[in-house]
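Student: Could you take one sheet in this structure and go through it closely, then set it in its surroundings? I work at the bench, so please state the cut-offs behind each term.

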There are 6 protein chains.
Amino acid sequence: MSSNNPDPQLAALIDLALTEDLGSGDLTTGALFTERAQGAAGLIARQALVVSGLDVAAAVFTRLDQSCSFKLLTQDGRHVKKGTVLARIHGPVRALLIGERPALNFIRHLSGIASLTAEYVKALKGTGCTLLDTRKTTPGLRRLEKAAVRAGGGSNHRLGLFDGAMIKDNHIAAAGSIRSAVNTVRKSIPPTVKIEVECSNFKQVRESLAAGADIIMLDNMPPEKMAKAVALVDGQAATEASGNITLKNIRAVAKTGVDFISVGALTHGARAVDISMELE
Amino acid sequence: MSSNNPDPQLAALIDLALTEDLGSGDLTTGALFTERAQGAAGLIARQALVVSGLDVAAAVFTRLDQSCSFKLLTQDGRHVKKGTVLARIHGPVRALLIGERPALNFIRHLSGIASLTAEYVKALKGTGCTLLDTRKTTPGLRRLEKAAVRAGGGSNHRLGLFDGAMIKDNHIAAAGSIRSAVNTVRKSIPPTVKIEVECSNFKQVRESLAAGADIIMLDNMPPEKMAKAVALVDGQAATEASGNITLKNIRAVAKTGVDFISVGALTHGARAVDISMELE
Amino acid sequence: MSSNNPDPQLAALIDLALTEDLGSGDLTTGALFTERAQGAAGLIARQALVVSGLDVAAAVFTRLDQSCSFKLLTQDGRHVKKGTVLARIHGPVRALLIGERPALNFIRHLSGIASLTAEYVKALKGTGCTLLDTRKTTPGLRRLEKAAVRAGGGSNHRLGLFDGAMIKDNHIAAAGSIRSAVNTVRKSIPPTVKIEVECSNFKQVRESLAAGADIIMLDNMPPEKMAKAVALVDGQAATEASGNITLKNIRAVAKTGVDFISVGALTHGARAVDISMELE
Amino acid sequence: MSSNNPDPQLAALIDLALTEDLGSGDLTTGALFTERAQGAAGLIARQALVVSGLDVAAAVFTRLDQSCSFKLLTQDGRHVKKGTVLARIHGPVRALLIGERPALNFIRHLSGIASLTAEYVKALKGTGCTLLDTRKTTPGLRRLEKAAVRAGGGSNHRLGLFDGAMIKDNHIAAAGSIRSAVNTVRKSIPPTVKIEVECSNFKQVRESLAAGADIIMLDNMPPEKMAKAVALVDGQAATEASGNITLKNIRAVAKTGVDFISVGALTHGARAVDISMELE
Amino acid sequence: MSSNNPDPQLAALIDLALTEDLGSGDLTTGALFTERAQGAAGLIARQALVVSGLDVAAAVFTRLDQSCSFKLLTQDGRHVKKGTVLARIHGPVRALLIGERPALNFIRHLSGIASLTAEYVKALKGTGCTLLDTRKTTPGLRRLEKAAVRAGGGSNHRLGLFDGAMIKDNHIAAAGSIRSAVNTVRKSIPPTVKIEVECSNFKQVRESLAAGADIIMLDNMPPEKMAKAVALVDGQAATEASGNITLKNIRAVAKTGVDFISVGALTHGARAVDISMELE
Amino acid sequence: MSSNNPDPQLAALIDLALTEDLGSGDLTTGALFTERAQGAAGLIARQALVVSGLDVAAAVFTRLDQSCSFKLLTQDGRHVKKGTVLARIHGPVRALLIGERPALNFIRHLSGIASLTAEYVKALKGTGCTLLDTRKTTPGLRRLEKAAVRAGGGSNHRLGLFDGAMIKDNHIAAAGSIRSAVNTVRKSIPPTVKIEVECSNFKQVRESLAAGADIIMLDNMPPEKMAKAVALVDGQAATEASGNITLKNIRAVAKTGVDFISVGALTHGARAVDISMELE
């Protein structure tokens with residue numbers, strides 16, 4: 001996402017965010033500031049955090065008034081200390097005050113995800129295992145939250161249903177077998193997309209390998225069992241651990257040798273961090 | 001929000017949520033299920049929680065396929081036990097599997113807010129003080145999150161900048177004084193809207209009362225100071241406590257006699273609760 | 001409304017206005033002027049009037065071509081004489097000629113409302129009574145027409161159903177009593193919004209006061225009866241006169257002592273004033 | 001326009017009308033009526049009038065709630081007496097009360113245009129002259145207002161810039177001569193579209209005829225001069241009278257023998273008629 | 001169409017084109033080029049062709065990034081040789097690479113239509129007969145394809161159902177006779193629009209003339225029969241030949257003396273020409 | 001695509017198609033048929049063809065009028081003879097006549113692609129090689145045209161830039177080497193997406209294999225050279241032939257042993273087939 005790149009969906013989300021807050025107008029600011037009054041403001045980290053969402057915050061202000069300028073003083077992905085000024089905005093005071101809350105709501109939420117992700121990344125340090133997010137994101141904010149995960153040092157699993165085939169229980173039941181499911185999907189999808197099969201036992205792992213699955217998801221297995229599954233796969237496919245993974249147990253999971261660990265809590269379990277805007 | 005009431009903004013949000021996930025299509029489900037295959041599924045609480053978002057979940061499925069039927073087995077605002085089936089959906093399997101994740105993302109997020117709100121409401125029980133939310137909501141989800149707060153037993157502060165005038169530091173500085181700010185705003189807003197002034201000391205409280213403010217926000221005051229401020233107001237205006245209020249200190253704040261306590265964490269500090277969908 | 005502020009709804013209205021007129025293209029202008037031909041034009045008042053809608057007219061031209069410049073020679077709210085040049089536009093002749101009719105349709109309609117409002121305001125001069133508009137506006141043009149009322153010196157009643165609670169007959173019947181209706185609504189609305197009750201007799205006025213209504217609407221009462229109602233209210237609530245109020249009787253109504261008089265005809269009974277565009 | 005025909009622009013206008021009024025919700029009705037409460041209401045003419053806009057009113061209610069039924073008791077174009085029930089609506093009380101004002105705003109406005117048009121049509125009775133509207137319509141409501149003119153017995157001039165070529169002063173100046181303008185436009189437009197030239201003197205009329213114009217607009221000519229112009233045209237082209245035509249002088253204008261008379265006031269000079277909705 | 005003129009429908013089409021290709025992002029370019037990397041590219045004709053669509057190609061790049069500059073080195077309607085550089089684009093490399101395929105898809109498709117049209121125009125040279133397109137266009141690209149026909153030297157028939165009345169078999173059957181159909185339509189349409197009647201035999205031609213049709217379409221007649229029909233019409237109406245007209249027979253058809261020949265294959269039978277983009 | 005599945009982009013395309021044709025209304029049909037007139041019509045193949053687009057045609061009619069019913073008499077992908085009735089539609093005559101042209105424009109265009117694809121598929125019969133389309137599609141119709149390719153028996157390459165990484169010259173130049181490009185992209189994309197590298201010589205093929213590319217595109221190689229390249233790859237990656245492939249040479253290309261052959265002409269070189277609608 002970039003303010004330089006068009007994204008009709010991001011534009012729609014920003015309009016939703018502005019409309020729900022501004023509605024028929026800002027009763028207070030509209031009465032007390034003329035259209036011409038100019039001002040400047042800073043976005044300030046009120047705690048240590050990992051930054052994400054600066055571009056969206058900028059887009060909020062320029063959507064309100066094209067004459068707003070937004071100067072980055074850091075960038076997404078940076079770990080900053082409490083008190084750091086993240087950006088400085090110049091423009092009409094009305095735009096600054098109207099944009100304040102929606103811009104903060106975006107950047108606080110996204111930096112919260114980036115900051116939480118960074119903790120998980122730290123826990124994996126040196127294991128060679130890659131941290132992935134999931135599709136458990138806030139409706140409408142998928143791409144922004146996935147960018148926040150990257151800002152925090154994580155990687156993205158598939159963005160949606162369209163850029164990865166994931167065969168689960170219901171699919172296998174419908175197809176009759178893992179082999180049949182993999183074959184049917186293979187014929188239907190573009191040659192550029194891989195097939196992952198969700199497995200909860202060794203039998204399924206073996207069948208998936210035999211069917212030529214590209215990635216084996218090891219779902220909710222205790223570390224020992226998972227280590228055996230990884231050994232069973234033996235490099236014939238990539239492996240992903242999933243299910244009930246926390247900051248406490250993630251390193252143990254990584255040590256089973258899995259290639260990827262996916263953690264839904266990166267996006268659905270993060271809390272907003274504290275960032276404020278100060279008019280200068 | 002109701003599936004019976006039109007809401008172009010909610011429709012836009014649901015479309016964003018479906019589009020970001022579905023993109024050019026569900027590679028897996030599209031390959032393995034025909035358009036005609038029908039199925040049924042239940043939404044199941046995997047933990048004790050307060051329900052919110054059933055209507056949105058229903059709207060996700062009917063947006064995907066008008067032939068989906070969504071039968072409520074409980075309703076928003078109910079406290080349910082782990083294992084409760086919240087709703088049952090019938091329709092094309094494709095719609096069920098495609099809608100599963102977006103619908104869950106909505107209802108898990110919103111029920112998380114309702115559940116957290118219920119904890120705060122419980123902490124206030126018997127104090128006569130009203131719990132309010134704030135504008136610190138996820139961009140694009142304002143109305144849904146405010147409905148979740150009501151489902152949890154809380155009340156809503158103004159929905160946006162348009163249905164309440166809130167005079168803060170910057171406004172006072174621009175107007176020259178609290179009196180001037182209140183007078184200017186009063187002339188500008190509809191007669192049906194009240195004026196609230198954010199105060200951090202007794203002098204501001206006195207000036208706000210003299211200016212005829214309808215509501216006095218007592219910002220970030222320790223309980224003792226707040227109690228004095230409430231006494232100073234003495235029923236000439238309504239009072240609202242705000243700033244750094246937690247589950248631990250909220251009851252103490254309420255005992256200062258304030259009419260309202262607003263808590264941003266209801267919306268920005270909640271985590272998703274565990275709800276799953278099971279195909280039957 | 002300002003060309004500097006975003007307003008997706010105003011943008012949508014301008015697009016509707018341009019699309020309905022331009023359709024698949026201007027057959028005449030497209031044939032006779034190249035894209036490059038530049039020109040200038042003035043918007044000229046063909047009668048004495050009060051100006052409203054200059055910003056919208058500007059937005060029409062810049063929506064057609066971003067290179068159009070629109071120079072204000074007066075501003076909304078000004079009383080101007082016949083012959084006054086309100087604004088001057090420079091830009092591609094195509095944009096000038098295509099924008100002419102939609103821009104004039106806007107500014108003639110809105111200045112008509114401002115001019116009529118100014119007559120009512122004049123009739124109230126010195127009474128201390130505030131003139132309000134109503135929700136009887138042209139569909140899609142609510143905010144613009146409300147801005148025109150302000151340009152004419154009037155004030156706005158609530159902008160819609162969301163920024164003021166208005167309890168009428170049907171609501172009272174549903175709730176069982178005025179008291180019950182007021183109490184139920186009070187619990188449901190944000191603390192920043194007032195409650196108004198529509199009353200047609202003294203009994204209702206008394207019940208409304210007892211229920212704590214913030215504003216009493218005195219509906220369709222003859223001046224003497226209204227004066228008694230105002231005396232009955234005696235400052236315990238604000239009062240608003242409504243119903244069958246004309247330029248002839250408005251001053252008499254004001255002398256009853258009501259705080260507000262609302263007049264639907266400001267918006268639904270105004271006629272367009274005469275403004276033309278002249279290419280220079 | 002028909003509720004059976006799709007019209008993305010009408011749908012957009014209705015959404016604008018509902019959104020500007022409903023915003024974040026109806027504070028009063030939402031508090032006092034449950035989603036399930038059903039009701040019925042009638043739309044009643046409070047004065048004699050010509051009906052227009054029933055379909056739009058119906059669309060407002062069904063947009064709010066698909067379960068609303070709207071039963072026509074008359075139809076667009078009918079002259080009805082005071083007290084006539086125009087239509088009856090059944091549906092959720094919330095939808096009835098929320099839709100009341102936007103629906104009435106549409107139908108009162110459009111029936112006002114139809115009623116005024118009918119007066120002009122009556123004044124032309126027996127003259128064989130056709131009454132036309134103009135492009136001086138309320139922005140965004142063009143098609144609805146043109147339908148109202150037809151309901152009143154009038155005919156429509158071109159709907160916009162796309163379905164008729166109209167050569168005016170500026171076009172002639174740019175082309176160098178009427179002949180050149182007509183020739184250039186003829187080469188550019190579809191063979192299915194006619195060319196009209198605006199003339200204010202006999203010389204222009206002669207040049208237009210020589211150039212092969214299909215329609216001659218006689219602009220702002222006194223009746224005698226216009227009669228001579230009509231004689232000059234002598235059936236070689238159709239003729240249209242335009243400019244400063246009122247109910248008082250329109251019959252005299254018609255007697256000059258022009259084929260068409262266009263009257264901008266049909267749309268920009270009409271006032272809303274009185275129609276109300278009564279809950280039963 | 002011009003990048004200077006607004007066209008919400010063209011903007012919608014470009015957004016569809018970008019969204020369907022870009023989706024959640026360009027996986028390759030996003031990984032390998034920073035947002036800041038600047039570049040330049042040329043659009044090059046890989047075969048002799050007639051140019052159409054340069055403005056749309058420009059709009060694709062500026063929609064992706066407003067900082068892109070697009071310099072025309074030729075213009076729509078020009079016949080260019082193989083190897084000609086049509087335009088040069090400067091801007092962020094990401095925008096250049098992302099815009100390449102959609103921009104080429106537009107300009108190759110539209111130049112294909114222009115080039116094919118030019119062949120037909122050449123075949124008609126000196127006959128005085130005008131080549132028209134039809135409504136057989138690619139859904140969503142009507143205006144662009146009609147502009148391509150003009151670029152190739154052809155003319156446009158009506159753009160749609162709104163700017164010309166075309167009476168066909170089904171209409172005649174419904175009205176009872178050609179006379180009745182023409183009369184009914186005449187009363188309903190704006191005076192600026194002509195009526196065309198589709199005729200397949202001499203009887204229909206005579207009836208159409210008697211009914212006052214403006215244009216007679218001679219449908220699927222062999223040249224000799226058509227010549228007789230043209231003689232029958234004898235200048236009382238314009239004539240259009242339609243049906244099974246190819247590059248081989250079009251000159252023979254023109255020699256029957258018809259005013260217009262319409263050819264659906266201009267738009268539905270053209271193939272894309274070869275144009276490429278080279279990064280410099 | 002299915003009329004049962006929501007697809008905001010398809011809905012937008014259908015609206016564009018209807019709006020560009022219908023504009024302010026169908027002048028002919030609106031005058032001659034009442035809203036109530038009902039009718040039936042058949043879609044008939046006027047030549048042998050492979051069907052694609054029935055669902056879109058159905059969606060056109062139901063978008064015009066929800067009461068239209070569309071009964072399939074065959075299905076997408078079927079090879080039908082001249083004279084086959086593909087579907088039968090019942091509904092208001094207005095909707096049938098207004099929808100006729102846009103519906104035919106869709107289905108003729110898409111069936112043209114399916115029919116051409118079927119010819120290529122036939123040419124490959126028995127080779128074991130898979131036919132792929134490209135991104136050279138008509139702007140806005142990507143998904144429909146890719147569905148038409150599948151209807152014709154072909155397979156889809158990536159749908160856009162988001163579901164496959166394709167490293168070309170410019171990317172390699174930016175990264176410094178194929179190895180560097182592959183590594184950089186691998187780290188950036190979801191684990192579910194493959195990497196393809198465009199190669200025009202053996203050196204590039206070897207480097208791509210060494211870098212771990214998943215698919216090797218052999219660009220514009222003569223059959224003998226391509227056969228050597230396939231031998232070089234030797235199953236370590238999938239192979240795709242691309243560039244200047246025609247019906248004449250495709251079988252020879254397949255015999256080189258490549259896994260996939262992609263042909264842009266499937267979509268950009270197809271012509272509409274002949275399908276008509278007959279009112280019954």
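Tutor: What follows starts with a sheet in chain E, moves to the contact of that chain with chain F, and ends with some details from other chains.

This is a predicted model, in which local features need pLDDT of at least 70 and side-chain atom pairs count only at pLDDT 80 or more, while totals for chains, interfaces and linings use all residues. Residues are numbered from 1 along each chain as its sequence is written, chains are lettered from A and ligands numbered from 1 in the order in which they are written, and side-chain values use heavy atoms, with hydrogens and water left out.

The sheet in chain E is open and has four strands in the order β3-β5-β1-β12, paired antiparallel. Strands here are DSSP runs of E with at least two residues, helices are runs of H or I with at least four residues, and both are numbered from the N terminus. Two strands count as paired if DSSP finds at least two bridges between them. In general, strands of a sheet pair through backbone hydrogen bonds, either parallel or antiparallel.

The edge positions belong to β3 (69-72) and β12 (275-279) of chain E; each has a single partner strand, so one side of each lacks a neighbour in the sheet. From one strand to the next, the twist averages 20 degrees. Within the sheet, β1 (residues 38-45) and β5 (residues 85-92) of chain E run antiparallel and are joined by seven bridges. In this pairing, E:Gln38 stands opposite E:Pro92 in β5(E).

Two helices lie against these strands. Helix α3 (residues 54-64) of chain E packs on the sheet and touches β1, β3, β5 and β12 of chain E. Its direction makes about 165 degrees with that of β3(E). Touching, like contact throughout, means heavy atoms within 4.5 Å. Helix α4 (residues 93-124) of chain E lies across β1, β5 and β12 of chain E and runs at about 165 degrees to β12(E). For these angles, axes are lines fitted to C-alpha atoms, for helices over the stretch in contact, and the angles run from 0 to 180 degrees between N-to-C directions.

Away from the sheet, E:Asn220 lies in the loop between β9 (215-219) and α9 (223-233) of chain E. E:Asn220 is not a glycine, yet has a positive phi of about 60 degrees. At 44% relative accessibility, E:Asn220 is partly exposed; buried means under 20% relative accessible area, exposed over 50%, and partly exposed in between, with a 1.4 Å probe and protein chains only. In chain A, A:Asn220 also has a phi near 60 degrees, and is partly exposed at 42% relative accessibility.

Chain E also meets chain F. A rotation of 180 degrees, with 0.0 Å of shift along its axis, superposes chain F on chain E with an RMSD of 0.0 Å. That is the relation of a two-fold axis. The same surface serves both copies, since 100% of the contact residues of chain F recur in chain E. Copies are superposed by least squares on the C-alpha atoms of residues with pLDDT of at least 70 in both.

The contact takes 63 residues from chain F and 63 residues from chain E. The area buried between the two chains is about 5100 Å², and carbon and sulfur atoms give 61% of that. Buried area is the accessible area (1.4 Å probe) that two parts lose on being put together, summed over both. F:Glu20, F:Leu27 and F:Leu161 supply 15% of the area that chain F buries against chain E, more than any other three residues.

Other chains offer further detail on packing. In chain C, the buried residues of helix α7 (residues 178-188) are C:Ile178, C:Ala181, C:Val182 and C:Val185. They cover an arc of only 95 degrees around the axis, which puts them on the same side of α7(C); the arc is that of the directions from the helix axis to the C-beta atoms. What covers these buried residues includes α6 (169-175) and α8 (202-211) of chain C together with α2 (27-32) of chain D.

In chain B, B:His171 lies in helix α6 (residues 169-175) and is buried, with a relative accessible area of 6%. Not counting residues up to four places away in sequence, B:His171 touches residues including A:Thr28, A:Leu32, A:Phe33 and B:Met166.
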